Amino acid sequence: MSSITLHHLNLSRSNRLFWALEELNLPYDVKVHFRTPALLAPDSLKEVNPLGKSPALVLDGQALTESSFIIHKLLSLPEVREAAQKGEIAVQVPQSDGDVFWSHFAEGSQLNIFTAIAYLAMTAPAFVNGGPGVPELNEDEKKGVQKYEDWAQSILKPKFQETISFAESQLAKQDSPFFSNTDKPGEGDFIMYYNIDYLLAGPEKTMGLFDGYTIGPNLRKWHETVLARPACQRALKREAEEEAKAKKE
């Protein structure tokens, strides 16, 4: 059995890996990293990923980064393929065309815009209201920053809605409830999980950054189906327990 350590950053895309690891029935250890007060990743992550990004996973001594690559490697493990052939795990192995497409879509077409919206929404107020490490601006400069954010968001938000509507329309065309377009979740579902879960998490978790988007019934049904899976419930429980334990250390 492979040796696995997941390096988890709170409020990050590593929730995908908790779910994937639980679905694949792979034993794993967890090392928790907490964001700084400025919501940045801590320097401790650079010990496993030189870029200081999460998620990161150490598989048999090899440090892996990038969600899609990590999940691709996990699905390629001999014990996973054997378990899938025996019907011991309900995961699409090998990956379907849908899996490959949605894993690229999630990180490319959708999260590029998602990240730009979030950075603008978090940084512009810091320049307007002042904060640690932010240069002091005069009133005209503050108005300029606010105008720029409003203009940029007016372009980005409709583009982001287009990606949501596209995912909704594609699910509507399928007989399968999963992005894998089979009767089992696969790589595409694991990768899309962060995106859709964040959109439906509510303003308390997202600080209102993603309010006001139209999320259709097929995406909502997909999300409900995923959350109802025992493996996803175990993943959510493990994530919460690991964070709580790390806070006490």
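**Exercise 1. Place Arg-229.** Between which two helices is the loop that holds Arg-229?

*Solution.* Before starting, keep in mind that this is a predicted model, where local features need pLDDT of at least 70, side-chain atom pairs count only at pLDDT 80 or more, and totals for chains, interfaces and linings use all residues. Residues are numbered from 1 along each chain as its sequence is written, and side-chain values use heavy atoms, with hydrogens and water left out.

- Step 1: Arg-229 sits in the loop between helix H8 (217-228) and helix H9 (230-248). Helices (H or I, at least four residues) and strands (E, at least two) are DSSP runs, numbered from the N terminus.
- Step 2: check the exposure. Arg-229 has a relative accessible area of 16%, so it is buried. Buried means under 20% relative accessible area, exposed over 50% and partly exposed in between, with a 1.4 Å probe and protein chains only.
- Step 3: look for partners. Setting aside neighbours within four places in sequence, Arg-229 is in contact with Trp-19, Glu-23, Ala-90, Phe-178 and Pro-185. Contact means heavy atoms within 4.5 Å.

**Exercise 2. Find the two faces of H3.** Work out which residues of helix H3 are buried and what they pack against.

*Solution.*

- Step 1: in H3 (residues 78-85), the buried residues are Val-80, Ala-83 and Ala-84.
- Step 2: look down the helix axis. These buried residues of H3 fall within an arc of 100°, so they line one face of the helix. The arc is that of the directions from the helix axis to the C-beta atoms.
- Step 3: recall the general rule. An α-helix has 3.6 residues a turn, so residues three or four places apart point the same way.
- Step 4: find the packing partner. The buried residues of H3 pack against helix H2 (67-75).
- Step 5: turn to the other side of H3, where Pro-78 and Gln-85 are exposed. For Pro-78 the relative accessible area is 59%, and its C-alpha atom is separated by 31 Å from that of Leu-111, 33 residues apart along the chain.
- Step 6: see what follows. After H3 comes Gly-87, with a positive phi near 75°.

**Exercise 3. Describe the largest pocket.** Where does the largest pocket lie with respect to domain 1 and domain 2, and why?

*Solution.*

- Step 1: get the domains. The assignment gives domain 1 (4-86) and domain 2 (97-229); such bounds come from an automatic or database domain assignment.
- Step 2: relate the two. The centres of domain 1 and domain 2, taken over C-alpha atoms, are separated by 21 Å, and 14 residues of domain 1 are in contact with 19 residues of domain 2.
- Step 3: place the pocket. Both domains give residues to its lining, so the largest pocket lies between them. On a 1 Å grid over the protein atoms alone, a pocket is an open set of points where a 1.4 Å probe fits, with protein on both sides within 12 Å along at least five of seven lines, and lining residues have an atom within 4 Å of a point.
- Step 4: take the volume, about 1200 Å³. That is the space filled by probe spheres set on the points.
- Step 5: go through the lining. Of its 41 residues, Arg-35, Leu-39, Thr-115, Tyr-119 and Met-122 lie nearest the centre of the pocket. Helix H4 (97-129) and helix H6 (187-199) each supply at least two lining residues, and H4 gives the largest share, twelve.
- Step 6: sort by chemistry. The lining divides into 23 nonpolar, nine polar and nine charged residues. Here Ala, Val, Leu, Ile, Met, Phe, Trp, Tyr, Cys and Pro count as nonpolar, Asp, Glu, Lys and Arg as charged, and the others, Gly among them, as polar.

**Exercise 4. Pick out backbone oddities.** Which peptide bond ending at Pro-55 is cis, and what is the phi of Leu-11?

*Solution.*

- Step 1: start with omega. The bond from Ser-54 to Pro-55 is cis, with omega near 5°, and Pro-55 is in the loop between S2 and S3.
- Step 2: add another cis bond, the one joining Val-93 and Pro-94, where omega is about 0°. Pro-94 lies in the loop between H3 and H4.
- Step 3: now phi. Leu-11 is not a glycine, yet its phi is positive, about 55°. Leu-11 lies in the loop between strand S1 (4-9) and helix H1 (15-23) and is partly exposed, at 46% relative accessible area.
- Step 4: do likewise for Asn-25. Its phi is positive, near 60°; Asn-25 is in the loop between H1 and S2 and counts as exposed at 59%.
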